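Student: I am new to this structure and would like to go through it with you. Could we take it one step at a time?

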Amino acid sequence: MKLFADHCFFSCGIDLLRKAGYDIIKASDVGLQKADDEEIVLFCRKESRLIVTLDTDFSSLYRFPLGTHKGIVLFRINPFMPITLLKVLRPFIERKMFSLFKDSLVIVRRDKITIIRPSGITEII
C-alpha cells in the first residue's frame, strides 16, 4: 500500500507506518511541503498514493470529489497530539485497514470510522 503524508501529519505516525512496512512518503520528501491541497491530490493520483492527513480541508467532497483521488484518510483526533494519533493508528496497522479505503474518503475518530465510498454508500464502523 502506497501512502502520502501531508505536511501536518505527525512524524511519529509516518515512522510507525514505515516500520510496519508501508511505502509512505511525506510532502517534504518530494518538495510538496508548501503545496496547496489540489497539488497534493494531483501528485497522489499520479503516484497511486492514499493520502493520510490531519487537515480537515481534505474532507470536502466539493473540492475533492470521489474519483479524483486514490483515497483520503483524515484522522480527527482529540486531543490533537502525537500520542493520540499513535493510539488510533496502531489498530489500523494491525488490521491492515488501509487496503479497505481505496478511492474513498475516510474520517477516523477515536470512537468511529466513517467511510464514504465512490458508489455513494457511507459506512460507519
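Student: Happy to start anywhere! Where is D111 placed?

Tutor: Let's begin there, keeping in mind that this is a predicted model. D111 belongs to a loop rather than to a strand, and the place of D111 is between β5 and β6.

Student: Is D111 buried or exposed?

Tutor: A residue counts as exposed over 50% relative accessible area. D111 passes that mark, so the label is exposed, at 68%.

Student: How far apart in space are D111 and R63?

Tutor: Along the sequence, 48 residues separate D111 and R63. Going from C-alpha to C-alpha, the distance between D111 and R63 is 26 Å.

Student: Let's step back to the whole protein. In what pattern do the helices and strands follow one another?

Tutor: The protein has three helices and seven strands. Read along the sequence, they give the pattern β-α-β-α-β-β-α-β-β-β.

Student: Why is the protein said to be as compact as a globular protein of its length?

Tutor: For 125 residues, the globule rule gives a radius of gyration of 14 Å. The protein comes close to that value, so it is as compact as a globular protein of that length, with a radius of gyration of 13 Å.

Student: What share of the residues is buried?

Tutor: To picture the space they fill, the C-alpha trace spans about 35 × 30 × 25 Å along its principal axes. The surface that the protein exposes is about 6600 Å², with carbon and sulfur atoms supplying 52% of it. Of the 125 residues, the buried ones make up 44%.

Student: And how far apart are the centres of the positive and negative side chains?

Tutor: There are 20 positive and 15 negative side chains in the protein. The centres of these two sets lie apart by 5 Å.

Student: Now the cysteines, please. How many disulfides does the count come to?

Tutor: A disulfide is a covalent bond between the sulfur atoms of two cysteines. To be counted, the two sulfur atoms must be within 2.5 Å. By this rule the number of disulfides is zero.

Student: Which cysteine has the sulfur nearest to that of C44?

Tutor: C44 is buried, at a relative accessible area of 1%. C44 is in no disulfide, and a gap of 13 Å separates it from the nearest cysteine sulfur, which is that of C8.

Student: Is C8 itself buried or exposed, or something in between?

Tutor: Partly exposed is the label between 20% and 50% relative accessible area. C8 falls in that range, so it counts as partly exposed, at 24%.

Student: Which residue does a cis peptide bond join to N78?

Tutor: Most peptide bonds are trans. N78 sits in the loop between β4 (72–75) and α3 (82–94), and the omega of the cis bond there is about 5°. The partner of N78 in that bond is P79.

Student: Which residues does N78 touch, beyond those up to four places away in sequence?

Tutor: N78 is exposed, with a relative accessible area of 61%. Contact here calls for heavy atoms within 4.5 Å. Setting aside residues up to four places away, N78 touches T84 and R110.

Student: What is the phi of S48?

Tutor: Most residues other than glycine have a negative phi. S48 lies in the loop between α2 (37–47) and β3 (50–53) and is partly exposed, at 41%. Although not a glycine, S48 has a positive phi, near 55°.

Student: Where is D103, which also has a positive phi without being a glycine?

Tutor: The phi of D103 is about 65°. As for its place, D103 is in the loop between α3 and β5 (105–108).

Student: One last residue! Which residues is R117 in contact with, leaving aside neighbours within four places in sequence?

Tutor: R117 lies in the loop between β6 (113–116) and β7 (122–124). Buried means under 20% relative accessible area, and R117 has 18%, so it counts as buried. With its neighbours within four places left aside, the contacts of R117 are L66, L100, F101, S104 and E123.

Methods
Residues are numbered from 1 along each chain as its sequence is written. This is a predicted model: local features need pLDDT of at least 70, side-chain atom pairs count only at pLDDT 80 or more; totals for chains, interfaces and linings use all residues. Side-chain values use heavy atoms; hydrogens and water are left out. Helices (H or I, at least four residues) and strands (E, at least two) are DSSP runs, numbered from the N terminus. The radius of gyration is taken over C-alpha atoms; the globule rule is 2.2 Å times the number of residues to the power 0.38. Buried means under 20% relative accessible area, exposed over 50%, partly exposed in between (1.4 Å probe, protein chains only). Accessible areas come from the Shrake-Rupley method with a 1.4 Å probe; for residues, only the protein chains shown count as cover. Lys and Arg count as positive and Asp and Glu as negative; His and the chain ends are not counted. The place of a charge is taken as NZ of Lys, CZ of Arg, CG of Asp or CD of Glu.
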